[in-house]
Amino acid sequence: MAGGTWEKQNKIRPGAYINFKSKKQAITPIGERGIATMPLELPWGPEKQILTLYADDDLSKVLGINIADESALLIREVFKRAKILLLYRLNEGTKATATLDGLTVNAKYTGTKGNNITVVIQNNIDVPGSFEIITMFEGNKVDKQLGKAISDLKANSYVEFKGTGELKAAAGLPLTGGENGTVTNQNYTDYLAAIEPCEFHTVGISTKDPAIKAVATTFIKRLKEDGRQVQLVLENYLEADSENVISVKNGVVLSDGTPVPSDKAVAFVTGATAGANINQSNTYAVYNGAIDVDVKYTNREIEEALANGEIVFTISNGRVVIEQDINTFKTFTSDKGKDYRKNRVVRTLFEVNNGIRLLWETNYIGKGNNSDDGRNLFKKDVIKFLERLQGIGALENVVPEDVEVLSGSDKDSVISRIGIQPVDAMEKLYMDVEVE
């Protein structure tokens, strides 16, 4: 039986000639948010590479650190609101090691957590002449294998074995000498280079170093110039003066008494910013697990902080909240007014930017004709996308007249002008009460 696909109606043999084509996607998807990224100094884990963590991951299996560990504080805080964390371990120190005659055991990663590893080598009663080699990490059995010679041993998630000769029993072979190493400014620069190709919504950098803040801000502004709209969260960095940079003024105290100062509270704000939908504001968003703020401000001081574009944690009805979801942009102009200070509005603008760019790159570059019909088709798709944003309350008053698509100066160029009205959340109530 003949058959197959066809390009021209020129087949000779009888048969079914069928082409399967994907139907053009009628709508441009609204991007799902929730991807945060942070560089952290850690006592264990893969060094200087991007590690993708999900909120429901067992951290001890993915990173080798228990989520309740003190070193995982910022990971816990960012996951209170984020769905995905692109983690980068900044530091690379020294591996913990241990030796026994011809056997050398090295921790898989550098850091002080390697000093919590012990290898037990004991006789196996079921296989005479063989040994059980048990790897213990912080008192927990994480690996067991059988072997007679050192060459029989295989690396696991915590240690690597080297050497030659026969195995010998050891009640406990503790690894020592693991060090975290020192984080340098170059480590942060390397992180920014590593994260650039990745898709994310918010970068959080927990540092007080103004030099690192300046480098990170320059990085985020360059991404903006390249057409990528994302936000950066820092502590006390008002000089950024950008809708792409958020500044955290104070910190909180958690219910177990753990202090989370402003530089560490960056993690929660990073997760909250990444996790907020485009039709959602973080104004008065509750800081999960916090019972107090570390620095309390007067009403006048809070008003000054908001005027400066700072995220401030305050107490409302016994809960710790973000006073107002704003960024550091403050040089308002006729082209960019104070609405650009509000992060919900900015998220909507970012979605319009990123969504229409995706529509153009996916369905039109190199595919659509630069003719009246082709441009009108693009215009209709843009209007459909904007109407979907209106449908979820991110935009209002969307009308076709606000979208214009024209031929550019070159035969392959198109000019588009779009007018939109982002919706903000209700924040201020002015009410008159008449008493009779």
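Accessible area here comes from the Shrake-Rupley method with a 1.4 Å probe. By that method, the accessible surface of the protein comes to about 22,800 Å². Carbon and sulfur atoms make up 49% of this surface. Keep in mind that the model is predicted.

Start with the overall build. The protein has eight helices and 23 strands. Its C-alpha trace spans about 90 × 85 × 45 Å along the principal axes. The radius of gyration is 28 Å. A compact globule of 436 residues would have a value near 22 Å. Of the 436 residues, 44% count as buried. Now look at the contacts between residues with a separation of 6 or more. Of these, 63% join residues that are 24 or more positions apart.

Next come the charges. There are 51 positive and 59 negative side chains in the protein. The centres of the two sets lie 6 Å apart. Side chains of opposite charge can pair when their charged atoms come close. This structure holds 20 salt bridges. Several of them are worth finding in the model.

Take K80 and E77. These two form a salt bridge, and their closest N and O atoms are 3.1 Å apart. Are the two partners buried or exposed? K80 has a relative accessible area of 25%, so K80 counts as partly exposed. E77 has just 1%, so E77 counts as buried. The cut-off explains the labels: buried means under 20%, and partly exposed lies between that and 50%.

Now move to E160 and K95. Their salt bridge has its closest N and O atoms 4.0 Å apart. The pair links distant parts of the chain. E160 sits in strand β11, residues 159-163. K95 sits in strand β6, residues 95-100. The two residues are 65 residues apart. E160 is partly exposed, with a relative accessible area of 27%. K95 is also partly exposed, at 33%.

A third pair is K224 and E243. Their side chains meet in a salt bridge of 2.7 Å, N to O. K224 lies in helix α4, residues 210-225. E243 lies in the loop between β14 (231-235) and β15 (245-248). So the pair ties together parts that are 19 residues apart in sequence. K224 is partly exposed, with a relative accessible area of 27%. E243 is buried, with a relative accessible area of 6%.

Salt bridges can also be followed beyond a pair. D69, K113 and E138 are linked in a network of salt bridges.

Finish with the backbone. Most residues other than glycine have a negative phi. Which phi does Y284 have? Y284 has a positive phi of about 65°, although Y284 is not a glycine. Y284 is found in the loop between α5 (262-275) and β18 (290-293). At 43% relative accessibility, Y284 counts as partly exposed.

N317 also has a positive phi, near 55°, and N317 is not a glycine. Where is N317 placed? N317 is in the loop between β20 (313-316) and β21 (319-322). Its relative accessible area is 74%, so N317 counts as exposed. The label follows because exposed means over 50%.

Key: Residues numbered from 1 in each chain as written. Predicted model: local features only at pLDDT ≥ 70, side-chain atom pairs only at ≥ 80, totals over all residues. Heavy atoms only, no water. Helix = DSSP H or I, 4+ residues; strand = E, 2+ residues; numbered from the N terminus. Rg over C-alpha atoms; globule rule 2.2 N^0.38 Å. Buried < 20%, exposed > 50% of the residue type's maximum accessible area, 1.4 Å probe, protein only. Contact = heavy atoms within 4.5 Å. Lys, Arg positive; Asp, Glu negative; His and termini not counted. Charge placed at Lys NZ, Arg CZ, Asp CG, Glu CD.
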